[in-house]
Each structure stands twice: as structure tokens, then as C-alpha cells.
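The following exercises are to be worked through with the sequence and the model at hand. Each task is followed by its solution.

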Amino acid sequence: STIQTMQIVDQDENGVDRAFRRDVLDGLSQPQKAIPARWLYDDAGSQLFEDITQVREYYPTRAETEILERYGAEFRDTIGTGRAVVEFGSGSSVKTPLLLEAIDPAAYVPLDISGDFLRAAAADLQQRFPDLPVHPVEADFMREVDLPGAVRDLPKLGFFPGSTIGNMVPRTATDLLRSMRQTMLDGAEASGENKPLLLIGMDLIKDIETLEAAYDDKEGVTAQFNLNLARRINRELGGTIPVEQMRHEARWNDGLARVEMHLVAEKPLDFSVAGRDFSMDKGETIHTENSHKFTDRSSNLLLLAGGWTPTRRWLDEAGRFSLILAEA
Ligand code: AVJ
């Protein structure tokens, strides 16, 4: 079957992504340099993240997959069949099929900003579920998205695994949860059994050693994932960042309950990006990602602030990770 994609990325006449350039230039101009984590996920970054999920120290993917394997019958009982599954992100070849097998949906709509990865993942999924209508949408799901007409009248289940919500600070996470709600409320008669549902993965707070090791694996795959952002800036924005003079660091921020990734300058550096000059002192960092960790209470509060009422929660056997069902 043919897979159609809607293209919604704003590029200038040279093919430069305007939002990427703005975020990088603004981010490098701040006292604490910081670039939003979403830019880590170009095609190379998305592939490196897939590699991270295979390293020994990175437990979240295995823990969440364990939950999806184990509680399929409970998902089917509580969620029911015949919904349109709207996945925020292009989906993983392991987790998504487990959910689709369990709840037998009427359609599958993956949303992702990375078009090539999205199309590859959607084609793969379509092969495994030949009779399932698949409608990939290339979009920034941080904003409200117009879903394809074919699924507008179906009841929705949003699927947001991986604790990707943890990449966002609370204000942004709340905005996203509200956008998701708007995206899925639009069109459908959303009352009673047709209320949109959300199945969302949220990683749990645990000992610091386990948390930091998960973001600084011995093989250095996470380091490559982080350094790829600097390479992407050089490639796409005509940057001269000396990537070999920077190193990856993962640190637990206890007050804000998050693991932070930084790119640390190993010596004083001067470079330019998109024609603008920047410098870094030795030891100065570019903050590239947050991975917030939650408790049962903090995840409830965040979901409620985003307009979602949590109704069920499943944990892996070791209690490392939670998958939460919430109702709009
Ligand atoms: C994609 C958000 C699930 O924060 O755990 C993994 C990204 N960064 N290792 C996470 C990530 C470094 C990951 N998520």
C-alpha cells in the first residue's frame, strides 16, 4: 500500500531549517549555553539513539518493553479495541507492535519531525500489519497537529513511550500534554467511551549511579549521540565547532530530578555558526539534554497539569519504569 506523508518543516532558500538555526544561535548566546534536545534527533541521531537502547547500562527501553510484553491483556481490557493509535514519535520496531497486537486498533498514525526515519519506520510497521491503515505525519508534535481526515472520527489513544516527556522542563511538558489533548480531541465526539486516552512512559527516580551510567555507557554510544549534535550544527549551519575538543558528560541534577547531558569544552574554544562567532572557556559546557525522572506523585501532578487524569499505572518487575494510562 502507498504511504502518504504531509511535509511541515520550515526551510529557507538554502534548505536550512529556520527553527534549528534560531534555537542554536539563541542557545549559544546564553550565559549557560543550551540547545533544545529535540535537535539531537536527525537521522544519524535517531539511529544512535536506537543503538543506545541496546547498551547494557541503558535500562529504560528494556524495562518499558517488559511492561508492554507482560500486560497486553490488561491494556486490551482497559483501553479496548478499534481506536486510532496516535504515536508521538515515529515508533520503535519493538514497542509499537506489542501495543498494536494487544489492542487491535483501527488505524496507526505516527507523528515525527524526522521524515526519513518516520517513513522507514512506517513502512516497516505496515509490512508487519498489512491490513492496518497507517498514516504517517511529518510534523513537530510540540504544536497541535491536524490529523489525517481518515482518522478524525475514530476514538484516539495517544502513545508516548520512552519517557520522552522527561526531555522537557515542566512548563514545556505541560504545553505538550495540552497540545496532545487538543490534537486528539479535535473532530471526534469525545465523550464517554470515546474520550481520548494517553499511554505514556515515565522513568522513575532511582540511585544516582544507575541513572548516570544509563547516560554515560562504557562503549561511548551516548557520547557519540551527544557529539552528533555538534557535528549536525557544523554540517547544516556551516559551523566550525571543533568536535574533537569537546567531551560528553552526564550529571544528575538532584534539585530538579533530572539527568543532564552536556558537551564540555576541553580547552578554550573559538568557533562560528551561521556566520556568528562564539567562544567557550575551558570546562564551559553546552547543555544539550534533560532527562527528568519521576515518582508516582510527581508524574500524577504533571499529567493533571497537562489536562490528563491518570487512571492506571504499570511498572516493570524491578520497579524502574512506569507506563501510565490517562484520560482526557
Ligand atoms: C529518548 C528521551 C527516551 O532521555 O532517556 C538516551 C534520550 N539521551 N540517552 C532518554 C537519551 C541519552 C532518551 N529518550
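**Exercise 1.** In what order do the four strands of the open sheet lie? Identify the edge strands and the helix that packs on the sheet.

*Solution.* The model is a predicted one. In the open sheet, the strand order is β1-β11-β8-β7, and the pairing is mixed. The edges are held by β1 (33–34) and β7 (246–253); each has a single partner strand, so one side of each lacks a neighbour in the sheet. Next, consider the pairing of β1: two bridges join β1 to β11 (residues 285–292) in the parallel sense. Within β11, H287 is the bridge partner of A34. Finally, helix α9 (residues 221–236) packs on this sheet and touches β7, β8 (258–265) and β11. The direction of α9 makes about 115° with that of β7.

**Exercise 2.** How many residues surround the ligand, and which are the closest?

*Solution.* The ligand is surrounded by 13 residues, the closest being I52, G162, T164, N167 and S291. By element, α2 (43–52), α9 and β11 each contribute at least two residues to this shell. By character, the shell comprises five nonpolar residues, seven polar and one charged.

**Exercise 3.** Assess the overall build of the chain.

*Solution.* The chain contains ten helices and 13 strands. Its radius of gyration is 20 Å, close to the 20 Å given by the globule rule for 328 residues; the chain is therefore as compact as a globular protein of that length. The C-alpha trace spans about 60 × 50 × 35 Å along its principal axes. Of the 328 residues, 42% count as buried.

Note on methods
Residues are numbered from 1 along each chain as its sequence is written. This is a predicted model: local features need pLDDT of at least 70, side-chain atom pairs count only at pLDDT 80 or more; totals for chains, interfaces and linings use all residues. Two strands pair if DSSP finds at least two bridges between them. Two residues are in contact if their C-beta atoms, placed from the backbone, lie within 7 Å. Axes are lines fitted to C-alpha atoms, for helices over the stretch in contact, and angles run from 0 to 180 degrees between N-to-C directions. A residue is near a molecule or strand if its C-beta atom, placed from the backbone, lies within 6 Å of it. Ala, Val, Leu, Ile, Met, Phe, Trp, Tyr, Cys and Pro count as nonpolar, Asp, Glu, Lys and Arg as charged, and the others, Gly among them, as polar. The radius of gyration is taken over C-alpha atoms; the globule rule is 2.2 Å times the number of residues to the power 0.38. A residue is buried if 20 or more other C-beta atoms lie within 10 Å of its own, exposed if 12 or fewer, and partly exposed in between; C-beta atoms are placed from the backbone.
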